[in-house]
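Thanks for making time this morning. I would like to walk through the empty spaces and the packed regions of this structure, and I will go straight in once it is on the screen.

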Amino acid sequence: MARGSRQVGLPTWVFVPAAFGALFVVLPLAAILTRVEWGNFFGLITSDSSVDALLLSLRTSSVSTLLCVIFGVPMAMVLARTSFRGQQVMRSLVLLPLVLPPVVGGIALLYTFGRRGILGHTFEVLGIQVAFSTTAVVLAQTFVALPFLVVSLEGALRTAGGRYEAVASTLGARPTTVFRRVTLPLVLPGLVSGAVLSFARALGEFGATITFAGSLQGVTRTLPLEIYLQRETDADAAVALSLLLVIVAIVVIGLARGRGAI
Amino acid sequence: MKRWVGAAAAALLASTVAACGSDDSGDSSASDESKTLTVYAAASLTSSFEEIGNQFEADHEGVTVKFSFAGSSDLVAQIQQGAPADVFASADTNNMDKATADDLVEGDPVDFATNTLEIAVPPDNPAGVASLEDVAKSGTKVVVCAAEVPCGAAAQGVEEAAGVDIKPVSEEQSVTDVLNKVTTGEADAGLVYVTDVKAAGDKVKGIAFPESSSVVNTYPIGALADSKNKGLAQAFVDLVTGDAGQQVLADAGFAKP
């Protein structure tokens, strides 16, 4: 958007803290690179347990992102386009997982969906076992990732404003048509960037998963849990897997950038 | 402004110098006043060592005992990276061996306690577990430690000794995670240490099983070579291995080595 417009010069001093900030982020990543045992890097990341963990992470994060879109888009619309009593409180509550330590999220989920949680009995009657299942991982990831989508999309919706929607409506379009033909195309970049953020957050989720879902190879042990466990015995494997996770994260962000979403 | 900064810098420098001075001032117990002894101990020792620490502080006026409780492998990694610890107490000989191999321990470590596994079940024992065979039954939701951590290695050992094959629904990172899954009723049974069952009080029921004696975890303790308070560090080791310390550990469910 800024392309072509005249750049306003920055005060020179800004570059000093900016450089330190960038260094603070980049240096630890570089430190990982220096510790990787390149000789058996490939062997370490293609071991059975590593591959299982990576595939599980990609699978659960994708499902979580889908759930975030299914529930987050309507939530963002309600927050951005309506006003009702207690809306501020509602917004704060929805965004709570952003600031909550994930372990707290895990404990909360445990007392909700666990066997002895408030919904646990209902689920058991229905024959659904959440505890120690991949479903539990998805629930934990969706819980922590949902606010990212809601926040991004609500911002996009507010920035886009309601003018085009109002025009479409006066021309006789029904609310669903307005949503499909006007709102959605307008905020699509915001939606994609929200989805990417949710995916990234789900991919990195650790605390809620280990508290709520447990840890079993191929079922609940996602890549972050595998890294944490490998650290106990094989530091080289933990470093190799960390780098793998960094690469996956960079690829995800790169894909989103390529589409102009972020 | 400048003057204020200068004064602050001078004060900081002075306090640093003073701190260094007190650190260097010998090991004799005569100069004990306002010293800190830092003890790195396995997480399973938390309540026992806190009690022993209080006793140590009462015996040595002006000495503060600070603890860092974590998994033994985490602790030994931190000590290898130069963490300022005076004493290290490990939950297994394996991690202590890592420290001695790097010449980080002063003299030889001393074994001061042992611990064995027990089956922990929720108080109402929903799956009716009474033996290790019951734990291995299909349909029983069992949680153990992952083989990478000491409690998981111990669990594998007793499985082999008993000739049973447990199919856990989760292999947790630490014994605390296992216990938590049992206290919340998520799991029907878990394999944890005798001392963990005792510490959990009435939140879980412990079921002893004969095969547990096949894997005995030994806890070694040692003063560290880089300690600035070697005298105090050795005194702490002596307290733990002495009658008073042993009594505290026995009350927590530890056995003698």
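The second largest cavity is lined by Val73(A), Met77(A), Leu153(A), Leu157(A), Phe179(A), Thr183(A), Leu184(A) and Val187(A), and I should say at once that this is a predicted model. About 30 Å³ of space lies in this second largest cavity, and three helices of chain A, namely H3 (48-81), H7 (134-160) and H9 (175-204), each bring at least two residues to its lining. Of these, H9(A) has the largest share, with four residues. By class, the lining of the second largest cavity counts seven nonpolar residues, one polar residue and no charged ones.

How many cavities of 30 Å³ or more does the structure hold? There are two, and the largest cavity has about 50 Å³ of space. Around the largest cavity we find Phe113(A), Gly114(A), Arg115(A), Gly120(A), Phe123(A), Glu124(A), Ile128(A), Gln129(A), Val130(A) and Ala131(A), and helix H6 of chain A, residues 120-125, gives the most to this lining, with three residues. The lining of the largest cavity divides into five nonpolar, three polar and two charged residues, whereas that of the second largest cavity has no charged residues.

Let me turn from the cavities to the pockets. The largest pocket has a volume of about 820 Å³, and of the 39 residues that line this pocket, Ala43(B), Ser44(B), Ser174(B), Val175(B) and Thr176(B) are the closest to its centre. Which elements give two or more residues to the lining of the largest pocket? From chain A there is helix H11 (223-233), and from chain B there are helix H2 (46-59), strand S2 (63-70), helix H3 (72-80), helix H6 (150-162), helix H7 (175-183) and helix H8 (194-199). H7(B) gives the most to the lining of the largest pocket, with six residues, and by class the residues of this lining are 17 nonpolar, 15 polar and seven charged.

The second largest pocket holds about 560 Å³ of space, and its lining of 19 residues has Arg231(A), Ala235(A), Val239(A), Ala77(B) and Gln81(B) nearest the centre. Here the elements that supply two or more residues are helix H1 (15-35), H11 and helix H12 (235-258) of chain A, together with H3 of chain B, and H3(B) has the largest share, with six residues. For anyone setting up a comparison of the linings, the second largest pocket has seven nonpolar, six polar and six charged residues.

Finally, the packed regions. The largest nonpolar core has 36 residues, among which Ile119(B) and Leu191(B) touch the most other members, and the elements that give two or more residues to this core are strand S5 (117-121), helix H5 (132-136), strand S6 (142-145), H6, H7 and strand S8 (189-193) of chain B. If we set aside neighbours within four places in sequence, the residues in contact with Ile119(B) include Val129(B), Leu132(B), Val135(B), Leu191(B), Ile207(B) and Phe209(B), and also Ser131(B) and Lys205(B). A second core of 28 residues, separate from this one, includes Phe49(B), Ile52(B), Ala113(B) and Ala252(B).

Definitions and conventions. Residues numbered from 1 in each chain as written. Chains lettered and ligands numbered in written order. Predicted model: local features only at pLDDT ≥ 70, side-chain atom pairs only at ≥ 80, totals over all residues. Heavy atoms only, no water. 1 Å grid on protein atoms, 1.4 Å probe; cavity = no way out; pocket = protein on both sides within 12 Å on 5 of 7 lines; lining within 4 Å. Points joined across faces, edges and corners; volume = space filled by probe spheres on them. Nonpolar A, V, L, I, M, F, W, Y, C, P; charged D, E, K, R; others polar. Core = buried A, V, L, I, M, F, W, Y, C linked by side-chain atoms within 4.5 Å. Buried < 20%, exposed > 50% of the residue type's maximum accessible area, 1.4 Å probe, protein only. Contact = heavy atoms within 4.5 Å.
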